[in-house]
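I sat down with this model today and kept notes as I went. Here they are, in the order I looked things up.

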Amino acid sequence: MARGVEALDLQVWSRASGPSRGPQCRDAMAHLDSEVTEECLREDLKFYFMNPCEKFRARQQIPWKMGLQILKIVMVTTQLVRFGLSNQLVVAFKEENTVAFKHLFLRGYSGVDEDEYSCSVYTQEDTYESIFFAISQFHQLRNLSLGTLGYGENEDNRIGLKVCKQHYKKGTMFPSNETLNIDSDIEIDCIHLDLQTLSKNPQDWKNSSFFRLAFYRLLQVEISFHLKGIDLQTIHSRELPDCYIFQNTIIFDNKAHSGKIKIYFDSDANIEECKDLNISGSIQKNTQYVLVFDAFVIVICLASLILCTRSIVLGLRLRKRFLNFFLEKYKRCVCNADQWEFINRWYILVIISDLMSIIGSILKMEIKAKNLTNYDLCSILLGTSTLFVWVGVIRYLGYFQAYNVLILTMQASLPKVLRFCACAGMIYLGYTFCGWIVLGPYHDKFENLNTVAECLFSLVNGDDMYATFAHIQQKSLL
């Protein structure tokens, strides 16, 4: 049964169709005999399952609800595009700063990560040089960096570097004699180097006992420091700038003790409210326009939410009338499948999208006013709500015969498709585990479960087949 956006306003229609029709229905249900009551209910049910075009021909009224949904699609999509462009600047600023940090603090960084780690060292001298290089670059940051960077406070409310090393408690090792005596308990030693200490003679802190590393016991060395920055590129987009705190960590990983120390660099950027912003120009005026537009989106979504909720309530009332009439006249209960026909699932989808759009728009307004900085949650809400809004467009295509056949075919085939996906998923998981164990030692795309799943998905779709098989190491014919 085709149902339109206006399909649920049944009782109001029966009263608004004319000056005499509404009272007739009310009097019929209250006072007239069962035949008149049945005819009135039949007309209400017939009108309930009409599409907007049929309802327009029936009562000659403009389908305001459908027009509101179309307007909401345009408004929500425009809002999402504007927020996406703004969020794109945030992502670009974070990524570009991460690349700049790697070039600043990693000695010999080539510009491309070697694997999941940034670079690696193979000698003790290179390890010492890499550690001292990162510390020295931090001290000279203001004279080296091209960005708007400054020193930030760490967890201890201190400005400077924190260097920690993990190593086995004690032990001796003689590989030539195949002798090993080691305590597997792990010790963690840390030292804090503030700017005043780094300003002294570098040999004073380089020659300290802390930096005398016993590599056969060493597990990892971790250098952590905080930096602050201001994103000025948003000013070109007539937006207020954001203030960032970068929590940077450099890890020298020697857990494998394979002669190769992997160097990882991680930068976690957090957006915070700037304490003092004094910017002249047209930015404030542009911000007010955007806030007004977001407020208008909230009003549109709120109106859609109220209308759809009201329509669902009226539909439930009509179902109750139908159940009572069916039970009274035929002494039978209506099956659950027919009862669910009175609940328009499209309206539930619209209500969910409206709620997400309203909450996301409020967050966006707070972010625009620099009162909040939660871009991720706002992105999830606005993105998902826009997805639901565009999925809801499918219901209008169902009013056309050619599209309706396709939609009905999809609905009928969905259970079988899901059963096929469940069976294919079992085979896919089996191949994933098998490929991980069998091909893992001979191919880098099968080293862990994540890459195995991605590689097999590509192979199923016919992508990257030659490159995958060409890189298999020919060490075992089996």
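**Entry 1: His-257.** I began with how open His-257 is: its relative accessible area is 31%, so I put it down as partly exposed. I am working from a predicted model. I found His-257 in the loop between strand 8 and strand 9. Its phi caught my eye, being near 50°, a positive value in a residue other than glycine. I reminded myself that most residues other than glycine have a negative phi.

**Entry 2: Asp-185.** Next I went to another loop, the one between strand 5 (179-182) and strand 6 (186-194), where Asp-185 sits. With a relative accessible area of 44%, Asp-185 is partly exposed. I also checked its separation from Lys-170: 15 residues in sequence, and 8.4 Å in space from C-alpha to C-alpha.

**Entry 3: salt bridges.** How many salt bridges does the structure hold? I noted four, and I followed up three pairs.

- Lys-102 pairs with Asp-113, with 2.9 Å between the closest N and O atoms. Lys-102 belongs to helix 5 and Asp-113 to the loop between helix 5 and strand 1 (119-121), so this bridge ties together parts 11 residues apart in sequence. Is Lys-102 buried or exposed? Its relative accessible area is 10%, under the 20% cut-off, so Lys-102 is buried. Asp-113, at 30%, is partly exposed.
- Asp-126 and Arg-107 meet through their side chains at 3.8 Å, N to O. This pair links distant parts of the chain, 19 residues apart: Asp-126 is in helix 6 (residues 124-139), and Arg-107 is in the loop between helix 5 and strand 1. Asp-126 is partly exposed at 27% relative accessibility, and Arg-107 is partly exposed at 36%.
- Lys-364 bridges to Asp-294, the closest N and O atoms being 3.0 Å apart. Here I went from helix 12, which holds Lys-364, to helix 10 (residues 283-330), which holds Asp-294, a link between parts 70 residues apart. I logged Lys-364 as buried at 6% relative accessibility, and Asp-294 as buried with a relative accessible area of 1%.

**Entry 4: cavities.** I then turned inward and counted two cavities of 30 Å³ or more. The largest has a volume of about 110 Å³. Which residues lie nearest its centre? Out of 14 lining residues, I wrote down Gln-69, Val-350, Val-389, Gly-392 and Tyr-396. Helix 5 (64-105), helix 12 (345-368), helix 13 (375-391) and helix 14 (394-397) are the elements giving two or more residues to this lining. I sorted the lining of the largest cavity by class and got nine nonpolar, three polar and two charged residues.

The second largest cavity holds about 40 Å³ of space. It is lined by 10 residues, with Asp-242, Glu-272, Glu-273, Cys-274 and Lys-370 closest to its centre. Strand 8 (242-253) and strand 9 (261-272) each supply at least two residues of that lining. The classes in this second lining are five nonpolar, one polar and four charged.

**Entry 5: a nonpolar patch.** Last, I looked over the surface and found a nonpolar patch with about 930 Å² of accessible area together, its members including Met-426, Tyr-431, Phe-433, Trp-436 and Leu-449. Which element gives the largest share of the patch? It is helix 15 (residues 401-439), with eight residues. I picked out Met-426, which is found in helix 15. At 58% relative accessibility, Met-426 is exposed.

Note on methods
Residues are numbered from 1 along each chain as its sequence is written. This is a predicted model: local features need pLDDT of at least 70, side-chain atom pairs count only at pLDDT 80 or more; totals for chains, interfaces and linings use all residues. Side-chain values use heavy atoms; hydrogens and water are left out. On a 1 Å grid over the protein atoms alone, a cavity is a set of points where a 1.4 Å probe fits but cannot get out, and a pocket is an open set with protein on both sides within 12 Å along at least five of seven lines; lining residues have an atom within 4 Å of a point. Grid points are joined across faces, edges and corners, and a volume is the space filled by probe spheres set on the points. Helices (H or I, at least four residues) and strands (E, at least two) are DSSP runs, numbered from the N terminus. Ala, Val, Leu, Ile, Met, Phe, Trp, Tyr, Cys and Pro count as nonpolar, Asp, Glu, Lys and Arg as charged, and the others, Gly among them, as polar. Patches are made of residues with over 30% relative accessible area and no salt bridge: like charges are joined within 9 Å, nonpolar side chains (Val, Leu, Ile, Met, Phe, Trp, Tyr) within 5 Å. Accessible areas come from the Shrake-Rupley method with a 1.4 Å probe; for residues, only the protein chains shown count as cover. Buried means under 20% relative accessible area, exposed over 50%, partly exposed in between (1.4 Å probe, protein chains only).
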